[in-house]
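Subject: Structure handover

Hello,

Here is the structure I said I would pass on. My notes follow below it.

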Amino acid sequence: MRIGIDVGGTNTDAVLMDGTTVLAAVKTATTRDVTSGITTALDELKRQRAFDPAAVNAVMIGTTHFINALVEADRLAPTAAVRLGLPSTASLPPMVDWPERLVKAISGRAYLCHGGHEFDGRHIAELREDEILHVAEDIDRHGIRSVAISSVFSPVNAEFEQRAAEILAAQLPGLAVSLSSEVGRMGLLERENATIINASLRELADRIVDGLAETLAAAGIRAPLYLSQNDGTLMDVDFARRYPVATFASGPTNSMRGAAFLSGVDTCAVVDVGGTTSDIGVLQNGFPREATTEVSVAGIRTNFRMPDVLSLGIGGGSRVRETDGKVTVGPDSVGYRLVERALVFGGDTLTATDVAVAAGRAEIGDPSLVRGVVDRSLAEAALRRIAEDIADAIERMRTSPDPLPVVAVGGGSILLPDSFGDSGRVHRPDHFAVANAIGAAIAQIGGMVDRIFPVEPGQRRAVLDAAKQEAVDRAIAAGAKPGSVRVVEVDEVPLAYLPGNATRIRVKAVGDLQVEAVRG
């Protein structure tokens, strides 16, 4: 058996699964300390379907802990950014475009040192180890506990980043070091930003992972713990401690993976309607389409792997207003206070959930509190507004004129109509309200290759085959069952501005978690 848990801003959802069968599913309120909400969810699962904790083979958790900490500019470690690029790159120092409050929150310090590579691997300048030693002294003097090292074109060659990390680690044992070549993609500023964010979350990652492990232990569960990543695959706790930034978009990703599993439709648009927002993404071969451009997180431009998701301020808790005959829905929401504030629960705020109940779309709370009370034309106008905004978002996510099936998941999906334009009837699978927890529970282990290869004439297939095999090998090394691994994504982009027929090749392979091997 497996347990999948998704901690959202409003609800904590959990499922108990045996193979592909959902044995129990619960939805509880997210708590501020999060772990007590998980404890409540586990207790509810046991109440619904008694199970032996020793029979649980693995627990998968998707969490908003880390992105919440960044958005709130809270619980972040004092962090330094070390950039290896002089004599170039000095005009735009690290964190130049960051919101001031976030720079303060991490006590951000920046250092520019010699080093870096040209696009073809030649050195811009040699690494000067004396500069790194001076940086170590200054970092120690200012009480910095985590550092992000970025080097120009380090995805091509990471030798300077690795050497600088060795020097700093030798001088300052216990210092947490993050390397940009392991976090981001091409594009120095965005890659550097992602690495600084990751570094600032390293201490929090240790606390959260320890807290989650203690929560499971208190429930008598000794099974391995995994966290779900932005791309729909799993990482173990050691990886989560090093790369907390990889969890940022696990919520919408889990929902999309769960939608594919429940509906059986692996290429579609998924609309996940929660209490506060609606997330619209596209599944390709069962996995979320990734954003290919920079992604802004808490006002910071980054370029690490994130799903291509469009979020709207429409959810079950969205406030509904009528002003001068015009009806609006959101973007503000009563959020986790839905059961206190919504009219159907005896509250004083007209929400999207209330209009859905008033229009007969759902039986939630006490329908008598809105039926005949909330004006029917107002309710229908609000639901039309929601349908139009969601339909527009789906259109914006399409990349071809072919009809794109729509799968609706999330507790707030009762707000959606039964069909959208040429997409036809909306798929509403069983257990749609906890698709995110199911997505976490069925997540697989992944292996990724993303770098620039020289492709000699006539050697393209051989290079691609080698990249695919490397991705498969990485998935197996990460814990996937060898026979279950398959390549799910191949992307090659010739880089005409580079010599040597340089081609950027991205290959992603995934496989089922080898639980028994992990448990020993």
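Asn285 sits in the loop that runs between strand 12 and strand 13 (287-288). Please keep in mind that this is a predicted model. Although Asn285 is not a glycine, its phi is positive, at about 55°. Its relative accessibility is 44%, so Asn285 counts as partly exposed.

Thr89 can be read alongside it. Thr89 is not a glycine either, and its phi is positive at about 70°. The residue is found in the loop between strand 5 and helix 3. With a relative accessibility of 23%, Thr89 counts as partly exposed, because buried means under 20%.

Cis peptide bonds

The loop between strand 5 and helix 3 (100-105) also holds Pro87. The bond joining Leu86 and Pro87 is a cis peptide bond, with omega about 15°. Another cis peptide bond joins Gly330 and Pro331, and there omega is about 5°. Pro331 is not in a loop of this kind but lies in strand 18, which covers residues 326-333.

Domains

The domain assignment divides the protein chain into domain 1 (72-206), domain 2 (266-431) and domain 3 (443-511). Taken over C-alpha atoms, the centres of domain 1 and domain 3 are separated by 27 Å.

The second largest pocket

Which domains each give at least three residues to the lining of the second largest pocket? They are domain 1 and domain 3. The space in this pocket comes to about 1100 Å³. Its lining has 35 residues, and those nearest the centre are Glu182, Phe239, Arg305, Met448 and Arg474. By type, the lining divides into 18 nonpolar, eight polar and nine charged residues.

Strand 10 (234-236), strand 22 (445-454) and helix 14 (460-477) each supply at least two residues of that lining. Strand 22 gives the most, with eight residues.

The cavity

How many cavities of 30 Å³ or more does the structure hold? There is one. About 40 Å³ of space lies in the largest cavity. The residues that line it are Pro252, Ser255, Met256, Val270, Asp272, Asp279, Ile280, Gly281 and Val309. Five of the lining residues are nonpolar, two are polar and two are charged. Helix 9 (250-263), strand 11 (268-273) and strand 12 (278-284) each supply at least two residues of the lining. Strand 12 is also the strand that comes before the loop with Asn285.

Helix 4

Helix 4 takes in residues 129-141, 13 in number. From its first C-alpha to its last it reaches 19 Å, close to the 18 Å expected at 1.5 Å a residue. Which residues of helix 4 are buried? They are Glu131, Ile132, Val135, Ala136, Asp138 and Ile139. These buried residues pack against strand 5 (79-86), strand 6 (109-114), strand 7 (146-151) and helix 5 (159-171). Strand 5 thus comes up twice in these notes, as a packing partner of helix 4 and as one end of the loop that holds Thr89. After helix 4 comes Gly143, with a positive phi near 70°.

Two residues in strands

Val177 lies in strand 8, residues 176-179. Leaving aside neighbours within four places in sequence, Val177 is in contact with Val147, Ile149, Ala165 and Arg202. Val487 is 310 residues away from Val177 along the chain, and their C-alpha atoms are 31 Å apart.

Arg486 belongs to strand 23, which covers residues 486-494. The relative accessible area of Arg486 is 42%, so this residue is partly exposed. Not counting residues up to four places away in sequence, Arg486 touches Phe287, Lys508, Ala509 and Val510. Between Arg486 and Val370 there are 51 Å in space, C-alpha to C-alpha, and the two are 116 residues apart in sequence.

That is the end of my notes.

Regards

How values were computed:
Residues numbered from 1 in each chain as written. Predicted model: local features only at pLDDT ≥ 70, side-chain atom pairs only at ≥ 80, totals over all residues. Heavy atoms only, no water. Helix = DSSP H or I, 4+ residues; strand = E, 2+ residues; numbered from the N terminus. Expected span 1.5 Å × (residues − 1). Buried < 20%, exposed > 50% of the residue type's maximum accessible area, 1.4 Å probe, protein only. Contact = heavy atoms within 4.5 Å. 1 Å grid on protein atoms, 1.4 Å probe; cavity = no way out; pocket = protein on both sides within 12 Å on 5 of 7 lines; lining within 4 Å. Points joined across faces, edges and corners; volume = space filled by probe spheres on them. Nonpolar A, V, L, I, M, F, W, Y, C, P; charged D, E, K, R; others polar. Domains from an automatic or database assignment.
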